[in-house]
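Here are some comments to read alongside the model, set out as numbered points that go from the whole chain down to single residues.

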Amino acid sequence: MDDFRGRLTKDGIRIHNPEDSAGMYKAGALTARILDDIAAMVEPGVTTAAIDSEIERMVNEAGATSATIGYKGYQHASCISVNHVVCHGIPGSKVLKNGDILNIDVTTIVDGWFGDSSRMYVAGKLGRKAERLIQVTHDALFMGIEAVKPGNTFGDIGHAIQSYAESQRMSVVRDFCGHGLGTVFHAPPNVLHYGRAGTGPVLEEGMFFTIEPMINLGRPETKVLADDWTAVTRDKSLSAQFEHSIGVTADGFEIFTLSPSGKFHPTYS
């Protein structure tokens, strides 16, 4: 149930109360722990359905709720996007091969608060081009996060991500974006991962939202497959994504979905 008690900006963006961060940290910590714990299962020969089943078990064992099961008819506890799948990949019978890269996206609900995060994994040996793509995407996310502070704009976030990714001769997906969240899954604003500095709504303390850039080795265009969920690169180039849930503080930002084991980057070992 949505029990938002803060206020709305003129752009319809929720401004949460200071005590609301505790709920976001609790939900974010569970999501991050699940993403940590599932890492050991990502190996060649494993199906994406088996990974998703284990994620669902972890959510249930924690006494939490999966935000994605039943969302607009979706029936899985995660989205698992492999290689040229940009986002919203549906877990199924696909068997991971050596060198596959994949994004696993999980959102849990804990005491009414939504914790949303995704990160990259590799099955087996990581190829050089894929490794560089993952590193650039990881770094682009954190450049966007560094732009978060009161008085800056959402355009500053997008500009930081876009300018870095394109300087590395990669492209930023335009068709999907981050979003506000809290006691709802999706709320204003749309957090674009491209744009001009100084444009868009001004950041204020108490805003909660995701930053989740999708970066392609090739061109930015995507298409959605016939299942109405799976988005892929039109040119079949590799794609990567990292996502954190963020809060704006009085002098900067807080990250609700930090990995408790330092496993946010797939080469942590």
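How many helices and strands does the chain have?

1. The chain has four helices and 17 strands. Please keep in mind while reading that this is a predicted model, and that each value below was computed from it.

2. On overall dimensions, the radius of gyration is 17 Å, which agrees with the value near 18 Å that a compact globule of 269 residues would have. Taken along the principal axes, the box filled by the C-alpha atoms is roughly 50 × 45 × 40 Å.

3. As to the interior, 55% of the 269 residues count as buried. Among contacts with a separation of 6 or more, 70% are accounted for by residues 24 or more positions apart.

4. Turning to the surface, the chain exposes about 11500 Å², and carbon and sulfur atoms supply 50% of that area. The chain carries 24 positive and 32 negative charges, and the mean positions of these two sets are 8 Å apart.

5. Helix 4 (154-167) deserves a separate paragraph. It has 14 residues and reaches 20 Å from its first C-alpha to its last, close to the 20 Å expected at 1.5 Å a residue. Ten of the 14 residues of helix 4 are buried, so this helix is largely enclosed by the rest of the structure. The buried positions include Phe154, Ile157, Ile161 and Tyr164, and also Asp156 and Gln162. Among the elements that cover the buried residues of helix 4 are helix 3, strand 8 (171-172) and strand 10 (187-191), together with strand 11 (208-211) and strand 12 (214-216).

6. Is Gly151, in the loop between helix 3 (128-146) and helix 4, buried or exposed? Its relative accessible area is 52%, and because the cut-off for exposed is over 50%, Gly151 counts as exposed. Leaving aside neighbours within four places in sequence, Gly151 is nevertheless in contact with Val202 and Leu203. The C-alpha atoms of Gly151 and Leu203 are separated by 5.6 Å, although these two residues are 52 residues apart along the chain.

7. His138, for its part, has its place in helix 3. With a relative accessible area of 15%, His138 is buried, because the cut-off for that class is under 20%. Not counting residues up to four places away in sequence, the residues that His138 touches are Phe242, Phe264 and His265.

Terms used
Residues are numbered from 1 along each chain as its sequence is written. This is a predicted model: local features need pLDDT of at least 70, side-chain atom pairs count only at pLDDT 80 or more; totals for chains, interfaces and linings use all residues. Side-chain values use heavy atoms; hydrogens and water are left out. Helices (H or I, at least four residues) and strands (E, at least two) are DSSP runs, numbered from the N terminus. Buried means under 20% relative accessible area, exposed over 50%, partly exposed in between (1.4 Å probe, protein chains only). Contact means heavy atoms within 4.5 Å. The radius of gyration is taken over C-alpha atoms; the globule rule is 2.2 Å times the number of residues to the power 0.38. Accessible areas come from the Shrake-Rupley method with a 1.4 Å probe; for residues, only the protein chains shown count as cover. Lys and Arg count as positive and Asp and Glu as negative; His and the chain ends are not counted. The place of a charge is taken as NZ of Lys, CZ of Arg, CG of Asp or CD of Glu. The expected span of a helix is 1.5 Å times one less than its number of residues.
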